[in-house]
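Grab a pencil and have a look at the protein below. We'll work through a few short exercises on it, one step at a time.

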Amino acid sequence: MTLADGIWHQIFAFDHYGELLALVRNSLIAGAALGLIGGLTGVFVIMRDLPFAVHGISELSFAGASAALLLGTNIVAGSIVGSLLAAGAIGILGTRARDRNSAIGILMPFGLGLGVLFLALYKGRAANKFGLLTGQIVAVDAPQTAWLLGTSTLVLAALVVLWRPLTFASADPDVAAARGVPVQGLSFAFMIALGLAVALSVQVVGALLVLTLVVTPAAAAARVTASPVLLPLLSVVFAVVSIEGGILLALGSSIPISPYVTTISFGVYAICRLAGTFRARRWGVRTVAAQPA
């Protein structure tokens, strides 16, 4: 076997695939829930220009999960606590874009430093440390699945309640405020929902690559449609395809799940960007892709 063949077999290995598939049933269930939540929250992340906030929250989520790993408690709960603290701080301190970005820039290195400290103190398996950064495929057990599904249901319920006023406030905050919409309260409520979504995503793709579930699918959908119905629908489809496809491709290999998820997600975005550009040039159609993506 040549070196190239050996590397290829490490990346794509399907030996005993049927037996291995039974090991990731919980991961597939959790992945579908995360795709739904990540795709929906990502719509508002793009509309409100919050990708940097997603990354900042993920760093504190990583710190919370690392602390839970060190203390031997529930990692999902630790991740959620860290995310909520970050989201709440950003929501309170970041009333304007400049203030928000400054707060995130302060929180990110602090959270990452805490996470590194906790992992350095942890004397358990190295795979557990690595998984918090890059994601794990078979580490989602039944209790974690219950946590993930329960929290996903809470986030979904919050998004259903907030969707219409939050869409209005995101599209034109000044007009929304003039009409009595509680713009500040909606912003804080969404940051909390976003914090929960980020915490859940960290469990699968890791803290370093959480943007691929919460930002990229919505950015891809925004390149091909501006429809208020199709945009969230396509965003969810792209997120679910990315995460479930990543799980299935990574199953037989020794490579972490995150490269597979990010590659699929980026591929979808590249295709949508090309399609959106072609559509705009041929028919002069504009989409919300004009916003940062």
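**Warm-up: contacts along the chain**

Among contacts in this protein (heavy atoms within 4.5 Å) that link residues at least 6 apart in sequence, 77% join residues at least 24 apart. A quick note before you start: this is a predicted model, where local features need pLDDT of at least 70, side-chain atom pairs count only at pLDDT 80 or more, and totals for chains, interfaces and linings use all residues. Residues are numbered from 1 along each chain as its sequence is written, and side-chain values use heavy atoms, with hydrogens and water left out.

**Exercise 1. Work out how many helices and strands the protein has.**

Step 1: Get the rule straight. Helices (H or I, at least four residues) and strands (E, at least two) are DSSP runs, numbered from the N terminus.
Step 2: Count them up. You get 14 helices and zero strands.

**Exercise 2. Check the span of helix 10 and decide how enclosed it is.**

Step 1: The expected span is 1.5 Å times one less than the number of residues.
Step 2: For the 23 residues of helix 10, that makes 33 Å, and the end C-alpha atoms are 32 Å apart, so the two agree.
Step 3: Now for burial (buried is under 20% relative accessible area, exposed over 50%, partly exposed in between, with a 1.4 Å probe and protein chains only). In helix 10, 18 of the 23 residues are buried, so the helix is largely enclosed by the rest of the structure.
Step 4: Look just past the end of helix 10: Gly-206 has a positive phi of about 85 degrees there.

**Exercise 3. Find the residues that touch the most other members of the largest nonpolar core.**

Step 1: A nonpolar core is a set of buried Ala, Val, Leu, Ile, Met, Phe, Trp, Tyr and Cys residues joined through side-chain atoms within 4.5 Å.
Step 2: The largest one holds 73 residues, and Val-45, Val-54, Ile-57, Met-191 and Leu-194 touch the most other members.
Step 3: Helix 10 (residues 183-205) gives the most to this core, with 14 residues.
Step 4: Zoom in on Leu-194. Beyond its neighbours within four places in sequence, Leu-194 contacts Thr-41, Val-45, Val-54, Ile-57 and Val-214.

**Exercise 4. Do the same checks for helix 4.**

Step 1: Helix 4 (residues 51-71) has 21 residues and reaches 31 Å from its first C-alpha to its last, close to the expected 30 Å.
Step 2: Helix 4 is mostly covered, with 17 of its 21 residues buried.
Step 3: Just after helix 4, Gly-72 takes a positive phi of about 75 degrees.
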